[in-house]
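Please walk through the sheets of this structure and the helices that lie on them. Explain how the pieces are arranged.

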Amino acid sequence: MTTKKMTGLARLRAWMTNAGLDGLIVPRADAHQSEVTAAHDDCLAHISGFTGSAGLALVLNDQALIFVDGRYQIQARQEVDPADFEIHHLRDNPVDQWLKAQARPGWRIGIDAMKVALALYDRLETALAGRSALLVPLERDPFEAVWDDRPLPPLGSIRAVPTESTGESSTEKRRRIAGKLREMGADWLIETQPDNIAWLLNVRGSDVEMNPVPHSFLALGADGTTEWFVDARKLGNDHKAFEITGVGLTRPEDFLERVARLSTGKVVVIDADFTPHAVRARAGDGKILTRMSPITPAKADKTAAELEGYRACHIEDAVAATDFRPG
């Protein structure tokens, strides 16, 4: 067992005690529910050593459990010290079912409200309520207090994708999705999925390897009003190539505050499988519609330019594979 892992668990448990918690759920997820996370968000690996792309830990005062799916049962046993964590199946015996059977009355189990999607949050809350226990949404990331050498949030540069490659301008896309919101009887869409935002704004990013999408948030109104919550440093000083005329640029740190303001008395669409619970919690007296984001099916309908791009990249890929010679 490494000193780093021992210190990580010990410090987390000390933080839990000071926070009045009996346990803490640590998802392997970021605020966007990404499969590949930035090093800054790899909290599960920090405390357990597990580096797979799907998992979740439940840290209690006297025991800890890690839940991984079938792909990672062997890997978890190679990376995780069994003296620290019991290994469970993420799908066959998920954490909410474990809590439903094992939680003690009066338990207070914390979870970062920006790292858990609505669907999972509701399952956890229901499971604990059935045992007279409580799920406690945390407004602050506990790892900011216990992870001294934590990597900084990513600042990958963002590039514009020309309309010649997309086949549709960002203005046209925003107008089209705004129309979908009006059809749904909604005033706002709160979008947290990086790939959906990248499609809507015709941009690509470099915050994480193998995923050319920027980490950001977005609010789109039924009238086309658009607010992009992005670190402006990612865009550089020259914005000429970006289709952001009429798009308000706001710091990601102000995202939840703006959600609270714009949702007051409005109908807001959020995707339950991807949107953090913190968004719903800040919606105030606004009416929440939990629906698949209208951007998701829209981006699946490819333009002629996008189809041509697919064909071109497949040709390049085939040539590379044909020319490959083992060293």
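Helix α10 (residues 255-263) lies across β8, β10, β11 and β13, and its direction makes about 165 degrees with that of β8. Contact here means heavy atoms within 4.5 Å; axes are lines fitted to C-alpha atoms, for helices over the stretch in contact, with angles from 0 to 180 degrees between N-to-C directions. Helices (H or I, at least four residues) and strands (E, at least two) are DSSP runs, numbered from the N terminus. The model is predicted: local features need pLDDT of at least 70, side-chain atom pairs count only at pLDDT 80 or more, and totals for chains, interfaces and linings use all residues. Residues are numbered from 1 along each chain as its sequence is written, and side-chain values use heavy atoms, leaving out hydrogens and water.

The strands under α10 belong to an open sheet of six, in the order β12-β11-β10-β8-β13-β14, with mixed pairing; two strands pair if DSSP finds at least two bridges between them. Because β12 (247-250) and β14 (287-290) each have a single partner strand, one side of each is left without a neighbour in the sheet. From one strand to the next, the twist averages 20 degrees. Strand β13 (residues 267-270) pairs with β14 in the parallel sense over four bridges, and Ile 270 stands opposite Thr 290 in β14. Helix α8 (residues 170-184) also lies across this sheet, at about 65 degrees to β10.

A second open sheet of six strands runs β4-β3-β2-β1-β5-β6, again with mixed pairing. Its edge strands, β4 (86-89) and β6 (134-138), each pair on one side only.
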